[in-house]
Amino acid sequence: MDADVCIVGGGAAGGIMALELGRRGIRVVVLESGPRHDFAQRGAYVRRYLRHEDPWRSRLAGLDVNTGSGRLRYNLEGRRARGVGGSTLHWEGYTLRFHESDFRVRSLHGIADDWPISYVDLEPYYARAEIALGVAGAPDDPWASPRSTGFPLPAFPFSHSDGMFAGACGTLGIGLHHLPQARNSVPYDGRAQCKACATCHVCPTGAKASIDLTHVPAAEATGNVRILSEATALRLESDRSGEVRAAVYAQPDRVERRLSARTFVLATGAIENPRLLLLSKSSEFPDGLANRSGLVGTFFMSHPGIEVTGRVKENVYPYRIGFSTAMSRQFATEGDRAGRAAFLLEFLNSAGPTPEGLAVTSGLTGEALREHVRREFGRRLGIRIYCDQLPDQANRVSLNPRVRDYFGTPVPHIGYQVGRYERDGLDEAKRVAESILRTLGGTDIQSSGLSMAAHQMGTHRMGHDPKTSVADPNLRAHDVPNLYLAGSGCFVTASSSPPTLTIAALAIRAAEHIASRLRGDSKF
Ligand SMILES: Cc1cc2nc3c(=O)[nH]c(=O)nc-3n(C[C@H](O)[C@H](O)[C@H](O)COP(=O)(O)OP(=O)(O)OC[C@H]3O[C@@H](n4cnc5c(N)ncnc54)[C@H](O)[C@@H]3O)c2cc1C
Ligand code: SF4
């Protein structure tokens, strides 16, 4: 096979770029490692999910495995999904734009580095990404950066417990506002309205946006996009001119095949992109493809987080909505960003034990059990916190030749730690959350241990200078003119906002750039 553009990875970045390129008449082949997950099977998937199985896990042994080192182990299992649609099959769907200050933390606060592009450069692409994904939101976030368009869908109404949080936040002078999300508050784009069934990691109705529903069918309908599922890229081959000539891939039969194209895009996520580059060594690139800077795999970031919960007297009616509807971005932009990590507050609609959890741990039966569940269920409120993480060159993705996956390829090894800056941010966040819960009359206030979000960023950062970055502001690899590196690996800093809307905006922008180049537009 050959194509104008070969995209490796059919998730958020890859699916969006395939549609953008296909619409412009460009012939695209997408190599996607995972299968097509048939939408008609979602009911069965929900049942597996409710039995605490991961329906998105690869059936090929070792494909989802990674090793780790550092004081904290960053484990990928459950933190990404393999299949047409990628991790958006599994994601929560919260879709915040980064704040304009997130792109300029070096200039504004003297920390980390500035991005080579600004919020203003990305704003029109954010607007297009929101329309394509169907983002429900309201313009009530006083800390949001300027928007050229409204939200395509109305926000979900605040929940009962949001109202309780709003009262306490009002007393404390903390702003609470709607949480934007790619989930249908009303029917949209041929997909159903959300039914509040609360299994969002496997949405049975299609109300939650996922790329297999929002982009892949439209991309294939252009007639220019072919998606090859269960096709895992093993490495890219480059020639002596320093350009990529072929993607070598294998299907479950493990037979190696080659796909040639004029342009290649790696869109396999911030762990697999650097892994593939490191696996694609050649005489021209002895340290890995596009790695003359030595930075491929470095500056790995996530969003460290904690949850703070407290017991209240009245019923808070939890577990009626499967997702959160309110948040505060106040501490993501205000405060001492030079001294401690910025953070978001997410006001949970589901906290504390479920009825069955209470039952199983109670040791009671009959009327005593019923009374226990009546008394205890719905009496906990919770706040989830995610913070920004500074890029640290010691946090890195490398290859572990001692552990091999289904195809005999070294698995990714993640060296990871969380520093003082992030811990100080979370300490401050904990104090804020505790004061909100105390204002609500909360007792037995508890804080969870540190956990990391299913967000992976920063392993092939973009920039103007080939010595200090891997890709340019259009996501083109500095060292390889016909190779693009899409996804959150290109992020320079992490923000405290979830990454995917920014991934989507950057993907649309990069696709525009590739299309212009392939048409021979002189501007490029
Ligand atoms: C449980 C969970 C909750 C999340 N919640 C949110 C949220 O609320 N908001 C948010 O912004 N983000 C969230 N995310 C993160 C979000 O899903 C990712 O940021 C986003 O999907 C990344 O896009 P991507 O295209 O870079 O990677 P992916 O969407 O992961 O796609 C990469 C694709 O590449 C394929 N692939 C990998 N290796 C190869 C190979 N060698 N050859 C061929 N194909 C390959 C994979 O199978 C996958 O389909 C969540 C993620 C998870 C797992
Ligand atoms: S609550 Fe809404 S988005 Fe979540 S699984 Fe149910 S229908 Fe889908």
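Glu272 is buried in this predicted model, its relative accessible area being 9%. Its salt-bridge partner is Arg82, with 4.0 Å between N and O. Arg82 counts as buried too, at 12% relative accessibility. The contact joins distant parts of the chain, 190 residues apart: Arg82 sits in the loop between β3 (67–69) and α3 (105–109), while Glu272 belongs to helix α8 (residues 269–279). Nor does this pair stand by itself, for a network of salt bridges links Arg82 and Glu272 with Asp64, Arg80, Arg275 and Asp405.

A helix-to-helix example comes next. Glu20 and Arg128 form a salt bridge whose closest N and O atoms are 3.2 Å apart. Because Glu20 lies in helix α1 (residues 12–23) and Arg128 in helix α4 (residues 119–133), the pair ties together parts that are 108 residues apart in sequence. Here the accessibilities fall into two classes: Glu20 is buried, with a relative accessible area of 9%, whereas Arg128, at 32%, counts as partly exposed.

Strands are bridged as well. Glu307 pairs with Arg384 in a salt bridge, the closest N and O atoms lying 3.2 Å apart. Strand β11 (residues 304–311) holds Glu307 and strand β14 (residues 380–387) holds Arg384, so that distant parts of the chain, 77 residues apart, are linked. Glu307 is partly exposed at 27% relative accessible area, and Arg384 is likewise partly exposed, at 21%.

For readers wishing to place these pairs in context, a search of the whole structure finds 41 salt bridges.

How values were computed:
Residues numbered from 1 in each chain as written. Chains lettered and ligands numbered in written order. Predicted model: local features only at pLDDT ≥ 70, side-chain atom pairs only at ≥ 80, totals over all residues. Heavy atoms only, no water. Salt bridge = Lys/Arg side-chain N within 4 Å of Asp/Glu carboxyl O. Helix = DSSP H or I, 4+ residues; strand = E, 2+ residues; numbered from the N terminus. Buried < 20%, exposed > 50% of the residue type's maximum accessible area, 1.4 Å probe, protein only.
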